[in-house]
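Reader: Hey, I've just opened this one and don't know where to begin. Can you walk me through a piece of it?
Author: Sure, let's pull it up.

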Amino acid sequence: MQRVTNSSSSPSLLNDSAKPYAGHDPLTSPASSLFNDFGALNISQRRKPRKYRLGMLEERLVPMGSKARKAKNPIGCLADRCKSGVPINMVWWNRVTENNLQTPNPTASEFIPKGGSTSRLSNVSQSNMSAFSQVFSHPSLGSPAAAGLAPGMSLSAGSSPLHSPKITPHTSPAPRRRSHTPNPANYMVPSSASTSVNNPVSQTPSSGQVIQKETVGGTTYFYTDTTPAPLTGMVFPNYHIYPPTAPHVAYMQPKANAPSFFMADELRQELINRHLITMAQIDQADMPAVPTEVDSYHSLFPLEPLPPPNRIQKSSNFGYITSCYKAVNSKDDLPYCLRRIHGFRLVNTKCMVLVDMWKKIQHSNIVTLREVFTTKAFAEPSLVFAYDFHAGGETMMSRHFNDPNADAYFTKRKWGQHDGPLPRQHAGLLPESLIWAYIVQLSSALRTIHTAGLACRVMDPTKILITGKTRLRVNCVGVFDVLTFDNSQNNNPLALMAQYQQADLISLGKVVLALACNSLAGIQRENLQKAMELVTINYSSDLKNLILYLLTDQNRMRSVNDIMPMIGARFYTQLDAAQMRNDVIEEDLAKEVQNGRLFRLLAKLGTINERPEFQKDPTWSETGDRYLLKLFRDHLFHQVTEAGAPWIDLSHIISCLNKLDAGVPEKISLISRDEKSVLVVTYSDLKRCFENTFQELIAAANGQL
């Protein structure tokens, strides 16, 4: 059993921050830059696998069997020795590991890139390397070869060549630079301007730029390095740590006791509901009327109650019986929303000109139309419109106009009955800020549609989707353009668009008035005056003037741009709310961004630990590098307190996994389960054992062993 050790200090669960681990000075550490970005990490991408000299180990290690003789790794041999119960001199082991596991010399021949890369190293400016080496004091940067690197540059880093051929060969340095991991020091303001290189071919660069030269495959590339020099004294952690919540987000949180390690429960539940709706399916035996496949779509799922087969009543919007399904396109495996028009025969295909125009419209408040096709898969001719699928969306009708008591104010009273109290904001009426949020989104959608030369024609509460709290999307666009297309429009399908656009403004006014009254009865002609009185009493004059402008006939052609002055500064309020919402979501994303990496790390570790047999060797997981990883697994999950109780600390697990992934030079003590053997290794040694072992499994899985 593992005992609680003091090899590292884990982030506290109380303040959601990370403490520097003990025994590690970031200023004097050989790997003080973030993830060793300018040190051995970049150089190791080109060098050959490191082979340790057994030297002193061979003189003292006594093979304990065939498995120990096969092990090429001295640490693996020592792990076998620990497992067999042979005592170890810990002082001797520390001295040997420090002598034999030191950082390789980057000036050795195995680290020099082939193809004449030495010319690049000899021609690079060295003006800022003194300040750079003080901050990022990696041993490889102190060598003559690495000293020629420009600030922030490594053998695989840099900008794209300026004078390379138009068709960049695959051996050029450009692809390697695009895949290079960025260093946070590159984004800092330079403390001093860089000087140019002494190169007769290059021109004098501007302040803060360095002309780089690199020869790959016989081709010489010249390019400008605009990487700023890091500020003196900058120190970054060399493994992943988790900062606390940003202050501008922390102060806007409505709940002080909100979870700090994971995303908000409300957002998580909303995303889970969307995933469930997206993956929902039907039992084909219970719904035989739903076909298994329609054109290139399969897995149909009704989003609305299916109309009865003998239904005569038609849709109040389109004049046809309609139904809606979620389906998956077999071409791209993405979910879409299919709006089916029952019993419709498409006679004139010239309306597809308008459909093509709708396909080009991409807007955040419009459900995009993807395609229109005819089918007989429903046992009758049908016209199907395919739209983007937005899981969890509900119509404005079901969100705001589903209360039968909301129409009580406009209902005629019997003789002797008195009118009840007038509805007020937050007491029967919607808040004005919410109405303006809807107005901004709907007017933005209309502006985009009218600019494209089209008309919405579906500005109705039953065709406006609401996702989340206030996000609106206009649905079913383009349906009327196909259903009402006739032969008189063959010459000019857009001839009547101006009239339809004016009708869109009137429909927008009716929607806003219904929202202000919180009742569809308010837009009826006999209740119009009473509805406007309600708006005048409860809302601002700007909202009243906007409704009057949209509903009143004008002597001239109106435009959606005319209502922009009425919206005024409220547009900035909505923009500010959207950006604050974006900050909150980004903060929630930051809490979960490392989870995938940690899960992959645990998945790889799980494929190695306790493997019953590998290559017909039942003791494979108990020998060599695998035994070290087994002890590390116990160090992660199986520690106990002095009283023998399980010691469970999530921050300890996360901190150790992050250090393993980064390969930090911090030492860790691994104790066997019988507590008779202790191994002191570094996380970099564990990472090397971990990667080599997993690559061995991958090679066997691919049949390469």
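**Helix 23 and beyond**

Author: Let's begin with helix 23, residues 650-662: at 1.5 Å a residue its 13 residues should span 18 Å, and the end C-alpha atoms are 18 Å apart, so the two agree. Keep in mind that this is a predicted model.

Reader: Okay, how many of the 13 residues in helix 23 are buried?
Author: 11 of them, so to speak of helix 23 as mostly covered is fair, by the definition of buried as under 20% relative accessible area. The buried ones include Ile653, Ile654, Leu657 and Leu660, and also Lys659 and Asn658.

Reader: And what do those buried residues pack against?
Author: Three helices and a strand: helix 21 (595-608), helix 22 (624-637), helix 24 (683-701) and strand 15 (639-640).

Reader: What's going on with Gly663?
Author: Gly663 sits just after helix 23 and takes a positive phi of about 70 degrees.

Reader: New topic: which residues does the "coiled-coil region" annotation cover?
Author: Residues 569-607, according to an unreviewed UniProt entry. In the model, that span is 92% helix and 0% strand, with its end C-alpha atoms 59 Å apart.

Reader: Zooming out, how many helices and strands does the protein chain have?
Author: The chain has 24 helices and 17 strands. Buried residues make up 46% of its 705 residues.

Reader: And what share of the exposed area do carbon and sulfur atoms supply?
Author: They supply 54% of the roughly stated total, about 36,800 Å².

Technical notes
Residues are numbered from 1 along each chain as its sequence is written. This is a predicted model: local features need pLDDT of at least 70, side-chain atom pairs count only at pLDDT 80 or more; totals for chains, interfaces and linings use all residues. Side-chain values use heavy atoms; hydrogens and water are left out. Helices (H or I, at least four residues) and strands (E, at least two) are DSSP runs, numbered from the N terminus. The expected span of a helix is 1.5 Å times one less than its number of residues. Buried means under 20% relative accessible area, exposed over 50%, partly exposed in between (1.4 Å probe, protein chains only). Contact means heavy atoms within 4.5 Å. UniProt positions are given in the numbering used here, feature names are shortened, and annotations may be inferred rather than shown by experiment. Accessible areas come from the Shrake-Rupley method with a 1.4 Å probe; for residues, only the protein chains shown count as cover.
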